[in-house]
There are 2 protein chains.
Amino acid sequence: MGEEITTAKEAADNASVLAFGRLLGAANRLEYLLGRAIEEACGITHLMFEVLLILGRADDSGMPMGDISRAQVLTTGGVTRLIDRMEAAGLVERVANPGDRRGRLVRLTAAGEAKVVEAARVHLANIERYFVEPLPVEHRRQFADDLRILSRSARDSVGRLR
Amino acid sequence: MGEEITTAKEAADNASVLAFGRLLGAANRLEYLLGRAIEEACGITHLMFEVLLILGRADDSGMPMGDISRAQVLTTGGVTRLIDRMEAAGLVERVANPGDRRGRLVRLTAAGEAKVVEAARVHLANIERYFVEPLPVEHRRQFADDLRILSRSARDSVGRLR
DNA sequence: TGGAAATATCTGATTAGTCAGATACTGTTT
DNA sequence: AAACAGTATCTGACTAATCAGATATTTCCA
């Protein structure tokens, strides 16, 4: 990684810059495709699905919103508004937290439980579809390239993190 | 992947659901950390940096905005506005496209050239820093876990894509 | 060649996030 | 137990994306 960069072309062609760009590109495309599919089939966004999964993992009594904020890359203000929408949609409810009255706990409603099961099935089916059958043509080649580079890059990074 | 999902807990604990969640989580944290660093050091967003790199790779005469839209996951409307801001910041300019008068070409200005070189250096230094020295503590453990799973998942996916 | 369909970009209205500051409670520390 | 720092959430103002519809130009084919 020692080569000095002095022109835009050198910046754009640098191996590490490229690899990280590909990694993020692949992840974004994946998130876009899978998120779009859930949205169309189930009427909830990808982020709502992630929150439903987090709550599914949580204790039945619920979870403070701060925990959700830390689990996702989202500010506490963003979580407040996301939970507002999910509550309006009947997927979650806020209940009193006897141990700390500064905020309430969020937990799944029955409708939320049903929705996360439905969305997870759709999600799994799409993972199967995209990775066994061909991707949409306009994504396929790009994706395969990205994932090959991503795999190498991630493996190297894991090594260095130990 | 044949297990039937019937409860929120099963959905949340499913191996594929988890792996994809981790993969996207790792990429989002990475994008957030590296993007934030470029933003603070160079005053441009991560998305602007990506566009500068794309233009650095392009022909000197410039590139139509539709190509940028397709390279990133961004609508054409979004690209129009992103380029508006970058043009206002003096990083790029729109020039006439003699071959197709429906739209103009976008190309780097001298300031844009300088900025992409500066940002790429910062970016490389941060990649070095994050993956050789410890990550910020609040991200480190999560990140290492994510990347291990990501690596496995990506390798499998590449295999299936052939 | 004339016109329909496709393409490139732009724009108004809307949505969902950020940030920073307000409010309400908790926990410590004298 | 009074004060003060810390934590959890909410909110107003703002930003940057989306979508859908408008406009200009190009391409294709009958």
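**Entry 1: the surface near DNA strand C**

I began with the mix of residue classes: the surface near DNA strand C has 11 charged, 7 polar and 4 nonpolar residues. I note here that I am working with a predicted model.

Which residues come nearest to DNA strand C? I found A:Thr75, A:Arg81, A:Arg85, B:Met65 and B:Gly66, out of the 22 residues around the strand. Both protein chains appear in that list.

Next I asked which part of the DNA faces the protein. Of the atoms of DNA strand C within 4 Å of the protein, 65% belong to sugar or phosphate. The rest belong to bases.

Then I looked up single contacts. The side chain of A:Thr75 has an N or O atom 2.6 Å from a phosphate oxygen of DNA strand C. For A:Arg85, an N or O atom in the side chain is 2.3 Å from a phosphate oxygen of DNA strand C. B:Arg81 reaches a base instead: a polar side-chain atom of B:Arg81 lies 2.9 Å from a base nitrogen of DNA strand C.

I also listed the elements involved. H5 of chain A, together with H4 and H5 of chain B, are the elements that give two or more residues to this surface. H5(B) gives the most, with 4 residues.

**Entry 2: the surface near DNA strand D**

I repeated the search for the other DNA strand. Here I counted 4 nonpolar, 7 polar and 10 charged residues on the surface near DNA strand D.

The nearest of the 21 residues around DNA strand D are A:Met65, A:Gly66, B:Thr75, B:Arg81 and B:Arg85. Sugar or phosphate accounts for 60% of the atoms of DNA strand D within 4 Å of the protein, and bases for the rest.

I picked three contacts to phosphate oxygens of DNA strand D. A polar backbone atom of A:Met65 is 3.0 Å from one. A polar side-chain atom of A:Thr80 lies 3.1 Å from a phosphate oxygen. An N or O atom in the side chain of B:Arg85 is 2.5 Å from a phosphate oxygen.

Two or more residues each come from helix H4 (65-71) and H5 of chain A, and from H5 of chain B. Which element gives the largest share of the surface near DNA strand D? It is H5(A), with 4 residues.

**Entry 3: the sheet of chain A**

I turned to the protein fold. Chain A has an open sheet of 3 strands in the order E1-E3-E2, with antiparallel pairing. Why is one side of E1 and of E2 left without a neighbour in the sheet? Strand E1 (63-64) and strand E2 (92-95) stand at the edges, so each has a single partner strand.

I reminded myself that strands of a sheet pair through backbone hydrogen bonds. In chain A, 4 bridges join E2(A) to strand E3 (residues 105-108). One pair I looked up is A:Glu93, whose bridge partner in E3(A) is A:Arg107.

Two helices pack on this sheet. Helix H3 (residues 46-57) of chain A touches E1, E2 and E3, and its direction makes about 95 degrees with that of E3(A). Helix H5 (residues 76-88) of chain A touches E2 and E3, and its direction makes about 115 degrees with that of E2(A).

**Entry 4: the sheet of chain B**

Chain B also has an open sheet of 3 strands, ordered E1-E3-E2, with antiparallel pairing. Its edge strands are E1 (63-64) and E2 (92-95), each paired on one side only. E2(B) and strand E3 (residues 105-108) of chain B pair over 4 bridges. In this pairing B:Val92 stands opposite B:Leu108.

Helix H3 (residues 46-57) of chain B packs on the sheet and touches E1, E2 and E3. H5(B) packs on the sheet too, touching E2 and E3 of chain B.

**Entry 5: two loop residues of chain B**

I checked B:Gln72, which is in the loop between helix H4 (65-71) and helix H5 (76-88) of chain B. Is B:Gln72 buried or exposed? Its relative accessibility is 16%, so B:Gln72 counts as buried, since the cut-off for buried is under 20%. Beyond its neighbours within four places in sequence, B:Gln72 is in contact with B:Leu47, B:Glu50 and B:Ile54.

B:Asn97 was my last stop, in the loop between E2 and E3 of chain B. At 17% relative accessibility, B:Asn97 counts as buried. Leaving out neighbours within four places in sequence, B:Asn97 is in contact with B:Gly103, B:Arg104 and B:Leu105. I also noted that its C-alpha atom is separated by 8.9 Å from that of B:Ser61, 36 residues apart along the chain.

Notes:
Residues numbered from 1 in each chain as written. Chains lettered and ligands numbered in written order. Predicted model: local features only at pLDDT ≥ 70, side-chain atom pairs only at ≥ 80, totals over all residues. Heavy atoms only, no water. Pairing = 2+ DSSP bridges. Contact = heavy atoms within 4.5 Å. Axes fitted to C-alpha atoms, helices over the stretch in contact; angles between N-to-C directions. Buried < 20%, exposed > 50% of the residue type's maximum accessible area, 1.4 Å probe, protein only. Near = heavy atom within 4 Å. Polar contact = N/O pair within 3.5 Å; in protein donor to acceptor, adjacent residues only side chain to side chain. Nonpolar A, V, L, I, M, F, W, Y, C, P; charged D, E, K, R; others polar.
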